[in-house]
Structure formats: structure tokens, C-alpha cells
Amino acid sequence: MKPLPVKPKASTTQFRILSHEKWNGYPVTRVELIPITGRTHQLRVHCAAMGHPILGDPAYGFYGEAHPNGGFNDAVIREMSPTCASFDLRKDVENAVQEHGRTMCLHARKLTLDHPIKNEQVSFDVSPSF
């Protein structure tokens, strides 16, 4: 008997563009992502679904094993996100990422949590290496 498909749970991510840059000569966009909900792979799926997968993402990126484009086909992506990178550009950038051994370009710049013993908030703020 085939298992019933799991209905995806709603998820929300706020984002803003920080800069347009070059990485190894390729145009890339640095964004700030703020997850409002906390679903598994939420940021990665949302970026892919907008036609802007995270560089080096082994699951949702160009060569992803999961659902490239967040599960949407290219026609839907183009309609939803006319600014998304072309197929050739995404392929070339991902090939360069693999050639340079670059890991996924996703970084938690700031984390704030409640200390389990001191009962106070602790924050960690670290700039990305990319």
C-alpha cells in the first residue's frame, strides 16, 4: 500500500537584498533571510522556489537531489520570478562552486537564545566567510 502524501505545513520567510556582487566573476545576490516559522529546509526551499537557489545547496540547488526550484517547473518560476537567473548562468555558477570546493553559502549571522542555566539571553554574531 502506497503511503499518503504529506501535506506541507505553511511557512513564512522575510527577506531583503543586501547587495549585488560578483563571485568568481559571476553575478550573485547577497540576501538576508529571516525565518518567521521554523520548518525543515525552509530557507533553502523558499530561495529555490523564487528561482534563486542558495549557492552550493546540494539538495535544492541546480544539481539538487530534492526539489530544484522548490518543486516548481521552470515556466512557473519564470512567471513568479522574472528576475531569476537563467538556466545557463545557474549551471555555470554551480559548476564553479563545485570546482572550488565551496560549501553551501548559507550562514547564520546572528543567533540569540536563552541560556539554559543563567536564564538570560545569549547572542552570537559572526560574519560569513563568503
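**Backbone turns, a covered helix and charged pairs**

H41 is found in the loop that runs between β2 and α1 (42-49), where helices (H or I, at least four residues) and strands (E, at least two) are DSSP runs numbered from the N terminus. The structure shown above is a predicted model, in which local features need pLDDT of at least 70 and side-chain atom pairs count only at pLDDT 80 or more, while totals for chains, interfaces and linings use all residues. Residues are numbered from 1 along each chain as its sequence is written, and side-chain values use heavy atoms, with hydrogens and water left out.

A word on confidence comes first. The pLDDT is the predictor's confidence in each residue, on a scale from 0 to 100. The protein chain has an average pLDDT of 87, and 96% of its residues score at least 70. Among the elements of the chain, strand β4 (residues 121-125) has the highest mean pLDDT, 96, and α2 has the lowest, 80. As a reading guide, where pLDDT is low, the predicted coordinates should not be read in detail.

The backbone offers some local features to look up in the viewer. H41 is not a glycine, yet its phi is positive, at about 60°. With a relative accessible area of 35%, H41 is partly exposed; here buried means under 20% relative accessible area, exposed means over 50%, and partly exposed lies in between (1.4 Å probe, protein chains only). N24 is another residue other than glycine with a positive phi, in this case near 55°. N24 sits in the loop that joins β1 (13-23) to β2 (26-35), and its relative accessibility of 44% makes it partly exposed. A glycine, G51, takes a positive phi of about 85° just after α1.

Helix α1 itself is largely enclosed by the rest of the structure, because six of its eight residues are buried. These buried residues are Q42, L43, R44, C47, A48 and A49. The cover over them includes β1, β2 and α2 (74-80), with contact taken as heavy atoms within 4.5 Å.

Two of the buried residues of α1 deserve a closer look, beginning with R44. R44 has a relative accessible area of 14% and is therefore buried. R44 forms a salt bridge with D57, and the closest N and O atoms are 2.6 Å apart; a salt bridge is a side-chain nitrogen of Lys or Arg within 4 Å of a carboxyl oxygen of Asp or Glu. Since R44 lies in helix α1 and D57 in the loop between α1 and α2, the pair ties together parts that are 13 residues apart in sequence. D57 is buried as well, at 3% relative accessibility.

The second is C47, which is buried with a relative accessible area of 5%. The structure holds zero disulfides, a disulfide being a pair of cysteine sulfur atoms within 2.5 Å. C47 is accordingly in no disulfide, and the nearest cysteine sulfur, that of C105, lies 12 Å away. From the side of C105, the closest cysteine sulfur is the one in C47, and 12 Å is too far for a bond. C105 also counts as buried, at 16% relative accessibility.

Four salt bridges are found when the whole structure is searched, including two further pairs described here. R16 pairs with E32 in a salt bridge whose closest N and O atoms are 2.6 Å apart. R16 lies in strand β1 and E32 in strand β2, so this pair ties together parts that are 16 residues apart in sequence. R16 is partly exposed at a relative accessible area of 48%, and E32 is partly exposed at 28% relative accessibility. The side chains of E21 and R30 also meet in a salt bridge, at 2.8 Å from N to O. R30 counts as partly exposed at 23% relative accessibility, and E21 is partly exposed with a relative accessible area of 29%.

The surface also carries a nonpolar patch formed by L111, L113 and F124, which together have about 280 Å² of accessible area. Patches are made of residues with over 30% relative accessible area and no salt bridge, like charges being joined within 9 Å and nonpolar side chains (Val, Leu, Ile, Met, Phe, Trp, Tyr) within 5 Å. Accessible areas come from the Shrake-Rupley method with a 1.4 Å probe, and for residues only the protein chains shown count as cover. Within this patch, L111 lies in strand β3 (residues 110-114) and is partly exposed, with a relative accessible area of 45%.
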